[in-house]
Amino acid sequence: ETDRIDEILAALLSFSRPSEIHKESCDLTTLLEESVALVSIQARAKGVEVRTAFPPAPVVVNADGSQLKQLFLNVLLNAVQAMDGGGTVSVENALLENGKALVRITDTGPGITEEDLEKVFDPFFTTKKGGTGLGLSICYTIVKAHGGEIELRSRPGEGTAVLVTLPAGLGGAA
């Protein structure tokens with residue numbers, strides 16, 4: 001119970017005072033590979049297969065790598081935790097023609113109702129037993145601070161797709 005309280009407090013602090021952004025050139029593929037590696041043990045334990053599809057060339061963004069990794073970890077953990085009976089999580093990224101980078105994380109979980117989909121980014125909204133309702137709020141804050149967009153697409157029984165678009169490009173600290 002102490003660990004759970006500690007987790008809730010850490011999430012509250014992260015949400016209430018997001019850390020300062022230190023942007024640098026980051027390869028999204030590397031950040032995604034590291035994030036997938038961190039959730040792989042939990043995924044295997046739940047019978048979830050994680051598939052990746054990354055382009056051969058780096059997909060570079062000017063961003064705070066640690067914050068993006070937190071974003072991807074939150075989304076990946078949500079996907080894995082949603083699939084009690086096993087399933088598949090697919091992770092891919094691409095450089096779009098409009099000068100944006102896209103990350104798509106999809107799962108074969110139970111999906112989200114339309115009513116709940118409208119509230120997923122609201123602080124403290126959760127359908128997860130024991131959840132704090134801060135994970136996706138933090139994700140939203142991180143994406144917006146980087147000039148990007150985050151969208152969830154889902155239907156009950158059809159799984160969920162999380163789409164994150166970020167400005168692509170090289171550059172030093174901003």
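Reader: Let's start with E34. Which residue does E34 form a salt bridge with?

Author: The general idea comes first: side chains of opposite charge can pair when their charged atoms come close. In this predicted model, E34 forms a salt bridge with K69, and their closest N and O atoms are 2.7 Å apart. This pair links distant parts of the chain, with E34 in helix α2 (residues 28-45) and K69 in helix α3 (residues 65-82), 35 residues apart.

Reader: And how do I read the exposure of E34 and K69?

Author: Look at the relative accessible area: under 20% is buried, over 50% is exposed, and in between is partly exposed. E34 has 33% relative accessibility, so it counts as partly exposed. K69 comes in at 23%, so K69 counts as partly exposed too.

Reader: How many salt bridges does a search of the whole structure find?

Author: The search finds 8. One of them joins the side chains of K46 and D84, at 2.8 Å from N to O. Here again the pair links distant parts of the chain: K46 is in the loop between α2 and β2 (48-53), D84 is in the loop between α3 and β4 (87-95), and they are 38 residues apart.

Reader: Are K46 and D84 buried, partly exposed or exposed?

Author: Use the cut-offs again. K46 is partly exposed because its relative accessibility is 23%. D84, with a relative accessible area of 64%, is exposed.

Reader: Got another one, maybe with R104? Which side chain does R104 meet in a salt bridge?

Author: Sure, that would be E92, with 3.3 Å from N to O. R104 lies in strand β5 and E92 in strand β4, so this pair ties together parts that are 12 residues apart in sequence. R104 is partly exposed, with a relative accessible area of 29%, and E92 is partly exposed, also with 29%.

Reader: Let's move on to rings. How many aromatic pairs does the structure hold?

Author: It holds 1. The angle between the ring planes tells you how to name such a pair: under 30 degrees is stacked, over 60 is edge-to-face and the rest is tilted. F121 and Y140 form a tilted pair, 5.4 Å centre to centre with 40 degrees between the planes. F121 lies in the loop between α4 (114-117) and α5 (135-145), and Y140 in helix α5, so the pair ties together parts that are 19 residues apart in sequence. As for exposure, F121 is partly exposed at 21% and Y140 is partly exposed at 35%.

Reader: Can we zoom in on one residue, say K100? Where is K100 found, and which residues does K100 touch?

Author: K100 is found in strand β5 (residues 100-107). Leaving aside residues up to four places away in sequence, K100 touches A94, L95, T165, L166 and A168. With 30% relative accessibility, K100 counts as partly exposed. You can also compare sequence and space: K100 and G148 are 48 residues apart in sequence, and their C-alpha atoms are 8.7 Å apart.

Reader: Now the overall view. How many helices and strands are there in the protein chain?

Author: There are 5 helices and 7 strands. Follow the sequence and you get the pattern α-β-α-β-β-α-β-β-α-α-β-β. Of the 174 residues, 34% count as buried.

Reader: What about contacts and surface?

Author: Among the chain's contacts with a separation of 6 or more, 73% come from residues 24 or more positions apart. The protein chain exposes about 9,500 Å², and carbon and sulfur atoms supply 53% of that area.

Methods:
Residues numbered from 1 in each chain as written. Predicted model: local features only at pLDDT ≥ 70, side-chain atom pairs only at ≥ 80, totals over all residues. Heavy atoms only, no water. Helix = DSSP H or I, 4+ residues; strand = E, 2+ residues; numbered from the N terminus. Buried < 20%, exposed > 50% of the residue type's maximum accessible area, 1.4 Å probe, protein only. Contact = heavy atoms within 4.5 Å. Areas by Shrake-Rupley, 256 points an atom, 1.4 Å probe, with all protein chains shown as cover. Salt bridge = Lys/Arg side-chain N within 4 Å of Asp/Glu carboxyl O. Phe/Tyr/Trp six-rings, centres within 6.5 Å; stacked < 30°, edge-to-face > 60°.
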